[in-house]
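Thanks for sharing this one with me. Here are my notes, in numbered points, for you to read alongside the coordinates.

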Amino acid sequence: MAEAHQAVAFQFTVTPDGIDLHLSHQAFTEIYLSGVRSWKKRIIGLKNSVITGVYPASPSSWLFVVIAILATMYTRSDPSMGLIAKIQEHLPVSQSMSNQCQTLVSAVLFSTMLWLLLIFTMRLCLKQLLSYHRWMFEKHGKMSTTTKVWVALVRIFSGRKPLLYSYQGSLPNLPVPATKDTVKRHLESVRPLMDDTEYERMTKLSAEFESSVGKRLQWYLKLKALWATNYVSDWWEEYVYLRGRSPIMVNSNYYGMDFMYVTPTPIQAARAGNSLHAYFLYRRKLNKEELKPWMLRSAVPCCSYQFERMFDTCRIPGTLTDTVQHWQDSDYIAVYHRGRYFRLRMYHAGRLLSPREIESQIQKILDDPSPPSKGEAKLGALTAGDRIPWAKARAKYFSSGVNKRSLDYIEKAAFFVTLDDEEQGGMADDPTRLDSYAKSLLHGKCYDRWFDKSFTVVYFKNGKMGLNGEHSWADAPVLSHAWQYVLSMDCFQLGYNAEGHCKGEVDSSLPGPQKLNWEIPPECEEQISGSLAVAQALADDVDVHVFAFEEFGKGKIKRCRVSPDAFIQLALQLAHYRDQGRFCLTYESSMTRLFKEGRTETVRSCTNESSAFVRALEGGEAADVCRRLFQEASEKHQHLYRMAMTGAGIDRHLFCLYVVSKYLRVESPFLKEVLSEPWRLSTSQTPMHVEMFDIVNYPEYVSCGGGFGPVADDGYGVCYCALGENMLNFHITCKHSCPDTGANKFGAQIRKALRDLLQLLCPNQTQVRKTEVMRPEVKKDL
């Protein structure tokens, strides 16, 4: 109970001489430093709120306006056209204030109102400017005069040195597309998937919907768009993520992987020391809003609201719906190792622990010989199984006493950490290790991750690491930004000594990690076993294949004058047709962060143009014909992607119309059929933040990327990433229970499709490089 004694500030006993009071200097010091840290954060938050609140102006510009007005008045002219005198007449001041002083106060008040009016005008102008999206539809390298003027105006009204949230008040709201446009685009998207009879039936359903119930639902949706910041995001979070009652492991959570060829250190605790320190440095930057806002074309800002809940966040299970809880900054992390849970403080005496100190603390956990308490070892399976049993178990067994206290420590932690006792990673002589690595990050043992936390960082025995992210609070690119920052800091900034340990010294007075205690009754153990059985069946059914395609990358694709994303999507269409013998509804994720609180939209990559190209290529048509059809399909894909990014997609609009119909208890056969269409090919591209890595000088420092589970039981999930100019990474998932799918065989089809497309587009290009042997895994000293 040493940690319990450290937790109290004083003790007292009653003696014949009175009360004997014993104060704990250490406890009072920690309380004082905690308060100082809290007040510092409040002051920084207040300062940032002021700076963000007046952006694109600056607080110092207020003084400039005041001085300018006073200087103009000094020349005996009235810049306010009588308003200063009016303000002076109604100024509630004491009789002791001189007339000159009253004039000065009135001038300052007028200057302040003028300054606020200027800020409002600049924000309004910037908001209108950011609503212009024609620049996105212009050919690359060919900018119209209108767009050039627009870019200049955006830069003028954007201000200088923006903080992370500076543009939030100037972003436009997501527009509601016209129902007829959405219905028309939907019909066009399903045409290659239906025969004439099916398409005619869908056309009739669409016409009936558009002429009847669609108008009423659209009216309600426009009303919501006027009232809400974003007409999609809150419903998307609630109904797509939080109301799902099936396991979030595999079905919702996603994973991210470490470097492919480099293991900076083989020491598990040392890798944790550097990267955990880097995560808290990132959180500090996030709290101070020192991260730069994401900008498209270095001029157009994207919404940053998803960053707010990255740390100190947990998904809380409920019987009807889950909730996302976000707390104030936690000064600790929750750690799992061999069935035990620990609370590890990351601050001491008001400072963040150094990497070497964190390594020392992690090593104490690794060396701790204590066994898990009864029922503790597989407790995490509750977060991996169905949501309703977990919600009931949480309310019954974890709502009071020692269980509640320990659960609070996990849920309120900055994030969750797993010290895995297995070795993972991609080895040159065994590429299948990547499959095992990805599968471990996706679900692990089904009880050694806390799937409800915003993210779990996993450290393997051989120094490899990875993460598992919960999806409801934000989309993967947001967490990917933090992950790549950590990878960059770990290797290029913090580094290791010659023995592979973290640099620095250790304060011997650091209190050790606190082991969490549990009292798990037999009935709860039965529930844990039930959740584990459900999760294990799901995990065993997942087939994962990860591979690096090193024959060429986006460099050669761009030299063929093709968008790399369109090239890969058409390769996936070709590979899927060869694998399944048919086309399917294809989901490609696109962001809508050009709008306030925007998240994602769907690009329906299977189009009439792409299917025509695939049929022509497979039918043996002439190369010129196939190239022409490929170009048409590529341009169509790019157009759909731009439409999705600018708020003119199909699926989010139809989804919201469906939600309104449920609220109104109106049945729509059209919406019911649209929302039940299976996504047998679900795809996404992982962004690469190139500014964090020097791929030219350090080409081996490339991440494996990440992936997600299959959306449909008889379909594929494919995540891909363009790494530098010469490599493409693919993560493929499907289910063993479907006899028609296989991750490895689909991977082989993707490789072949990529080669065939490059050969078609650039037949005279130099023979692509064939990589017979993968680069060896290395440890490189920096």
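1. Let me start with a loop residue, V250. This is a predicted model, and in it V250 counts as buried because its relative accessibility is 1%. V250 sits in the loop between α10 and β3 (254-257). Setting aside residues up to four places away in sequence, V250 touches L442, H443, L538, V542 and G709. If you would like a distance to check, the C-alpha atoms of V250 and N287 are 31 Å apart, with the two positions 37 residues apart along the chain.

2. Before going further, a word on confidence. The average pLDDT of the protein chain is 89, and 90% of the residues score at least 70. Over residues 1-10, however, the pLDDT is below 50, and this stretch has 15 contacts in the model beyond near neighbours in sequence. Residues 768-782 also stay under 50, and there the model has 44 contacts beyond four places in sequence. Where pLDDT is low, the predicted coordinates should not be read in detail, so please treat those contacts with care.

3. N230 is another loop residue, placed between α9 (213-227) and α10 (233-242). N230 counts as buried because its relative accessibility is 4%. What does its side chain reach at 3.4 Å? The partner is the backbone oxygen of E597. A polar atom of the N230 side chain also lies 3.1 Å from the backbone nitrogen of S233. Beyond four places in sequence, N230 touches L174, K224, K596, E597 and G598.

4. D448 belongs to the loop between α15 (433-443) and β13 (455-459). With a relative accessible area of 3%, D448 is buried. Its side chain reaches the backbone nitrogen of K445 at 3.0 Å. Leaving out neighbours within four places in sequence, D448 is in contact with Y336, F416, T418, D420 and H443.

5. On to the nonpolar interior. The largest nonpolar core has 114 residues, and the members that touch the most others are L276, Y279, F307, M310, I333 and F415. Which helix gives the most to this core? Helix α16 (residues 476-494) does, with ten residues. Apart from this core lies another of 56 residues, among them M260, C446, W518 and I520. As for L276, its contacts beyond four places in sequence are I333, M346, I358, I362, F415, V417 and Y459.

6. Helix α14 (residues 401-411) is mostly covered, with eight of its eleven residues buried. Those buried are V402, N403, S406, L407, D408, Y409, I410 and E411. Their cover includes β6 (313-316), β8 (332-337), β9 (340-345), α13 (387-397), β12 (416-419) and β15 (514-515).

7. Finally, the sheet. Six strands form an open, mixed sheet in the order β16-β22-β21-β19-β17-β18. β16 (542-549) and β18 (600-604) stand at the edges with a single partner strand each, so one side of each has no neighbour in the sheet. On average, neighbouring strands are turned by 20° against each other, direction ignored. Helix α24 (residues 743-761) packs on this sheet, touching β16, β19 (681-685), β21 and β22, and its direction makes about 30° with that of β16.

8. One pairing to look at is that of β21 (residues 716-723) with β22 (residues 727-735), which is antiparallel over seven bridges. Within it, Y720 stands opposite F730 in β22.

Note on methods: Residues are numbered from 1 along each chain as its sequence is written. This is a predicted model: local features need pLDDT of at least 70, side-chain atom pairs count only at pLDDT 80 or more; totals for chains, interfaces and linings use all residues. Side-chain values use heavy atoms; hydrogens and water are left out. A nonpolar core is a set of buried Ala, Val, Leu, Ile, Met, Phe, Trp, Tyr and Cys residues joined through side-chain atoms within 4.5 Å. Buried means under 20% relative accessible area, exposed over 50%, partly exposed in between (1.4 Å probe, protein chains only). Helices (H or I, at least four residues) and strands (E, at least two) are DSSP runs, numbered from the N terminus. Contact means heavy atoms within 4.5 Å. A polar contact is a pair of N or O atoms within 3.5 Å; within protein, one must be able to donate a hydrogen and the other to accept it, and residues adjacent in sequence count only if both atoms are side-chain atoms. pLDDT is the predictor's confidence in each residue, from 0 to 100. Two strands pair if DSSP finds at least two bridges between them. Axes are lines fitted to C-alpha atoms, for helices over the stretch in contact, and angles run from 0 to 180 degrees between N-to-C directions.
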